[in-house]
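Trainee: May I ask for a close look at one buried position, and then for an account of how the rest of the assembly is arranged around such positions? I should like the reasoning to be set out in one connected answer.

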Amino acid sequence: MKRYSAFAVAREALRFHSGWERAWRSPAPKKKYDVIIIGAGGHGLATAYYLGRNFGIRNVAVIEKGWLGGGNTGRNTTIIRSNYLQDPSAAIYEKARGLYENLSQDLNYNIMFSPRGVMMLAQTQHEVRGYQRTAHANALQGVTTEFIGPQKVKELCPIMNIDGPRYPVLGALWQPRGGTARHDAVAWGYARACSDMGMDIIQKCEVTGVRQSGGKVVGVDTTKGAIDCDKLGVVVAGHSGVLADMAGFRLPIESVALQALVSEPIKPCMDVVVMANTVHGYMSQSDKGEMVIGGGADGYNNYTQRGSFHHVEETVRALVETFPIISRLKMLRWWGGIVDMTGDRSPILSKTPLENCFINCGWGTGGFKAIPGSGWGMAELMAKGHSPLTEGFSLDRFKEGRFIDESVAAGVAH
Amino acid sequence: MLILNCPYCGVDAEETELSPGGEAHLKRYGPGSSDADFEDYLFQRENPKGVHFERWRHANGCGKWFHAARCTMTLEVFGTYEAQSLEPPKSIQKAISKKRPGWSWREFS
């Protein structure tokens with residue numbers, strides 16, 4: 001792989017950009033791999049990358065039914081934060097946030113990580129107490145957050161109306177090293193690095209069956225033929241239920257649509273990420289100037305990547321009250337992704353009833369921010385059979401009642 | 001926009017009038033059941049890509065709970081029926097079979 005650098009840009013400028021390589025190869029599948037990862041989204045590619053980098057397992061295929069990064073990786077609102085209440089969540093999200101800081105250098109690919117700061121508004125007394133509690137928990141967990149008052153909120157984000165008639169801003173949980181990153185670039189950067197290590201990324205190849213023998217996975221059937229493997233990792237987000245059905249086990253997951261939208265680009269007016277969980281909306285400004293807006297998930301099962309219009313209306317209505325400046329903005333694009341929700345709104349990174357099959361799913365509405373940490377933990381789990389990062393997130397927590405209850409702890413929006 | 005016919009009051013209710021209530025026909029387990037049964041009842045879900053049976057409440061209407069048969073892949077509604085049913089009426093099962101030959105959903109298909 002030729003490295004990207006200022007020198008490379010100068011070199012290519014002098015020869016009509018004829019020397020750029022393809023970022024990753026598109027090989028035909030081999031007969032057999034040590035590890036097959038199903039799903040070339042952020043989490044799948046990160047898992048493959050850390051398998052290679054941390055454990056030297058490089059005979060790996062990442063299989064994708066569409067194109068890489070074309071699912072939820074390319075459909076989120078790109079927010080990165082780690083201010084969770086529960087210890088296992090804070091650990092894995094903080095690991096991810098820490099890895100994001102150096103990911104561009106690590107991958108030699110500019111993922112445009114922008115630690116601009118994330119604030120979660122407290123708009124009721126209940127939320128004030130909740131976020132103060134989270135700030136204390138974060139201090140114990142080693143996650144840098146702070147509870148700030150309304151004046152500091154106004155200072156950090158002048159376009160906000162903090163005296164809203166219905167939900168005035170009473171303060172915020174502020175994580176100065178949270179922020180955003182370019183979501184596609186995260187997938188592309190990992191894909192390029194995986195390909196460089198000799199891994200095969202096989203796109204437009206849908207898995208149609210999981211072949212088993214004696215309680216073990218021996219391979220997968222795909223639209224490009226059967227492929228054998230020693231270990232299988234299932235990292236398919238919204239379609240986890242479909243894959244689990246093929247493999248013959250059940251999951252505590254329901255797939256629902258979550259939507260986001262962006263406005264027409266405007267001049268820079270907001271250099272932080274704001275989340276308002278009571279009124280249910282969150283917003284940041286992209287480098288292009290678009291306001292990136294996300295809201296609530298639908299309440300019913302759906303695989304269509306289209307959501308309900310009334311959720312968009314609710315989200316935008318709430319945000320207009322908090323940010324009167326956006327009331328005349330036109331919305332440019334609007335899309336939905338299928339997210340996999342677990343009972344406690346925490347992910348599953350776990351062994352499965354099949355001995356050599358591992359699953360990474362259930363990230364629900366908060367997967368993008370976790371990509372590097374999730375890949376790191378999942379790779380360790382697949383290589384060594386256990387990982388301190390994923391310990392709490394095993395499948396049997398539902399049977400044993402060891403929930404990591406972020407649905408109650410962290411409010412609603414992710 | 002999702003429109004479901006409430007089998008009690010007969011109104012064609014749209015989404016904002018309704019509250020989703022999750023999977024229908026769950027088998028409820030009581031005292032003395034095994035951990036696995038409780039896990040099944042409380043957490044494990046069918047989550048099919050295709051034919052699905054759900055509970056809905058006509059919240060901003062007559063307030064009653066009912067069941068709906070729906071396709072999660074196309075958002076097509078096959079029919080709605082009363083909540084006091086152990087399985088979907090034969091007419092709805094037939095309507096589904098006509099449009100989705102070979103469909104299955106746990107014990108009835």
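**A buried threonine and its setting**

Mentor: A:Thr322 counts as buried, since its relative accessibility is 4%, below the 20% limit used for that class. The model is a predicted one. A:Thr322 belongs to helix H9 of chain A, which covers residues 309–322. Leaving aside residues up to four places away in sequence, A:Thr322 is in contact with A:Leu121, A:Gln123, A:Ile159, A:Met160 and A:Asn161. One of these contacts, A:Leu121, falls in strand S4 of chain A, given as residues 118–122.

From this single position one may turn to the nonpolar interior. The largest nonpolar core has 50 residues, of which A:Ile37, A:Leu45, A:Tyr100 and A:Tyr190 touch the most other members. At least two residues of this core come from each of S1, H2, strand S2 (60–63), helix H3 (87–101), H4, helix H7 (183–196) and helix H10 (371–384) of chain A. H7(A) supplies the largest share, seven residues. A second core, separate from the largest one, has 30 residues, among them A:Val207, A:Ile227, A:Ile359 and A:Phe398.

A:Ile37 shows how distant stretches of sequence meet. Residues up to four places away in sequence being set aside, its contacts include A:Gly44, A:Thr47, A:Ala48 and A:Leu51. A:Ile37 also touches A:Val60, A:Ala61, A:Val62 and A:Ile63, and further contacts are made with A:Gly233, A:Val235 and A:Met382.

The cysteines call for a separate remark. Across all chains, the search finds zero disulfides. For A:Cys157 the reason is distance: the closest cysteine sulfur, that of A:Cys269, is 7.9 Å away, which is too far for a bond, given that a disulfide requires two sulfur atoms within 2.5 Å. A:Cys157 is itself buried, at a relative accessible area of 1%. In chain B, B:Cys71 is likewise classed as buried, at 0% relative accessibility.

Charged residues come next. Side chains of opposite charge can pair when their charged atoms come close. Over all chains, the count of salt bridges is 26. One of them joins A:Arg53 to A:Asp106, with an N to O distance of 2.8 Å. That pair connects distant parts of the chain, 53 residues apart: A:Arg53 is in helix H2 (residues 42–55) and A:Asp106 in helix H4 (residues 103–107) of chain A. A:Arg53 is partly exposed at 37% relative accessible area, and A:Asp106 is partly exposed at 31%.

Another salt bridge in chain A is formed by A:Asp287 and A:Arg116, whose closest N and O atoms are 3.6 Å apart. Here the two partners are 171 residues apart and both lie in loops: A:Asp287 between strands S14 (281–285) and S15 (291–301), and A:Arg116 between H4 and strand S4 (118–122). How do the two partners stand, buried or exposed? A:Asp287 is exposed, with a relative accessible area of 62%, whereas A:Arg116 counts as buried at 18% relative accessibility.

In chain B, B:Arg70 and B:Glu54 form a salt bridge in which the closest N and O atoms are 2.7 Å apart. This pair joins strand S5 (residues 65–71), which holds B:Arg70, to strand S4 (residues 51–57), which holds B:Glu54; the two residues are 16 apart in the chain. B:Arg70 is buried at 0% relative accessibility, and B:Glu54 is buried at 3%. A network of salt bridges also links the two chains, with A:Arg250 on one side and B:Glu23, B:Asp40, B:Glu46 and B:Arg106 on the other.

At the surface, a nonpolar patch is formed by A:Phe309, A:Trp334, B:Met1 and B:Ile3, which together have about 470 Å² of accessible area. B:Ile3 is part of strand S1 (residues 3–5) of chain B.

Two backbone positions complete the account. Most residues other than glycine have a negative phi. A:His17, although not a glycine, has a positive phi of about 55°. A:His17 sits in the loop between helix H1 (6–13) and strand S1 (32–38) of chain A and is partly exposed at 46% relative accessibility. A:Met112, also not a glycine, has a positive phi of about 55°. A:Met112 lies in the loop between H4 and S4 of chain A and is partly exposed, with a relative accessible area of 34%.

Notes:
Residues are numbered from 1 along each chain as its sequence is written. Chains are lettered from A and ligands numbered from 1 in the order in which they are written. This is a predicted model: local features need pLDDT of at least 70, side-chain atom pairs count only at pLDDT 80 or more; totals for chains, interfaces and linings use all residues. Side-chain values use heavy atoms; hydrogens and water are left out. Buried means under 20% relative accessible area, exposed over 50%, partly exposed in between (1.4 Å probe, protein chains only). Patches are made of residues with over 30% relative accessible area and no salt bridge: like charges are joined within 9 Å, nonpolar side chains (Val, Leu, Ile, Met, Phe, Trp, Tyr) within 5 Å. Accessible areas come from the Shrake-Rupley method with a 1.4 Å probe; for residues, only the protein chains shown count as cover. A salt bridge is a side-chain nitrogen of Lys or Arg within 4 Å of a carboxyl oxygen of Asp or Glu. Helices (H or I, at least four residues) and strands (E, at least two) are DSSP runs, numbered from the N terminus. A nonpolar core is a set of buried Ala, Val, Leu, Ile, Met, Phe, Trp, Tyr and Cys residues joined through side-chain atoms within 4.5 Å. Contact means heavy atoms within 4.5 Å.
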